[in-house]
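Colleague: I am new to this structure and should be grateful for a close look at a single part of it. Please set that part in its surroundings as you go.

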Amino acid sequence: MDPKSLVDRILHSNKHIRFVAICNMDGKIISSANNKNVTNLLSLEETQKTLQRAVSSWKSREELSDKTGEGEYVLAVYKKLKRITMPIDSKHLAYVTFNTDGGNQEVIEAIRFARPVDAAHGLSYEETSAP
């Protein structure tokens, strides 16, 4: 599955979802999209910084996975939004924000359902370098 298709699939899977990004484990955004019906709370630069922290935290948790088990997702709850970070495959994370009135479990399941069935094959795209 290509990253743009996955982003669109996640974004449209639940009415409460505000923003979706797929990034690699270096924190580089591969693809992203906003719900057109909401106003972004963070700038692109602020989103990128938050994403970098989320990837760094995910990597830190992986260091303990032999004791705790593999991470399934992380849910962060703020007064104005909620954020889920969830692995797509071993090389990519989904970063999804949604409204506080959205049910956590229904959004988690929507993301899980949207992921490629065969995560061993992961995402398919060509890595491009910035000019």
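Which residue caps the N-terminal end of helix 1?

Modeller: The model is a predicted one. The residue in question is D2, which caps the N-terminal end of helix 1 with a side-chain oxygen that lies 3.3 Å from the backbone nitrogen of K4.

From this cap one may follow the helix itself. The buried residues in helix 1 are P3, L6, V7, I10 and L11. Viewed down the axis of helix 1, they fall within an arc of 130°, and therefore line one face of the helix. A general point helps in reading such a pattern: an α-helix has 3.6 residues a turn, so residues three or four places apart point the same way. The partners of the buried residues of helix 1 are strand 1, strand 2, strand 4, strand 5 and helix 4.

Those strands belong to an open sheet of five strands, with antiparallel pairing and the order 2-1-5-4-3. Strand 2 (29-34) and strand 3 (74-77) stand at the edges with a single partner strand each, so one side of each has no neighbour in the sheet. From one strand to the next, the twist averages 15°. Strand 1 (residues 17-24) pairs with strand 2 in the antiparallel sense over five bridges, and V20 stands opposite A33 in strand 2.

Helix 4 (residues 104-114), a partner of helix 1, also packs on the sheet, where it touches strand 1, strand 3, strand 4 and strand 5. The direction of helix 4 makes about 25° with that of strand 4. In helix 4, the buried residues are V107, I108, A110, I111 and A114. Seen down the axis of helix 4, these fall within an arc of 160°, so they too line one face of their helix. They pack against helix 1, strand 1, strand 4 and strand 5.

The same elements come together in the largest nonpolar core, which has 18 residues. Helix 1 (3-11), strand 1, strand 4, strand 5 and helix 4 each supply at least two residues of this core. The residues with the most contacts inside the core are I10, I17, V20, I22, I84, V96 and I111; of these, I10 is one of the buried residues of helix 1, and I111 is one of those of helix 4. Leaving aside neighbours within four places in sequence, I84 is in contact with residues including Y73, V74, V96, V107, I108 and I111. Another core, of 10 residues, lies apart from the largest one, and its members include C23, A54, V55 and Y95.

Conventions:
Residues numbered from 1 in each chain as written. Predicted model: local features only at pLDDT ≥ 70, side-chain atom pairs only at ≥ 80, totals over all residues. Heavy atoms only, no water. Pairing = 2+ DSSP bridges. Helix = DSSP H or I, 4+ residues; strand = E, 2+ residues; numbered from the N terminus. Axes fitted to C-alpha atoms, helices over the stretch in contact; angles between N-to-C directions. Contact = heavy atoms within 4.5 Å. Core = buried A, V, L, I, M, F, W, Y, C linked by side-chain atoms within 4.5 Å. Buried < 20%, exposed > 50% of the residue type's maximum accessible area, 1.4 Å probe, protein only. Arc of directions from axis to C-beta. Polar contact = N/O pair within 3.5 Å; in protein donor to acceptor, adjacent residues only side chain to side chain.
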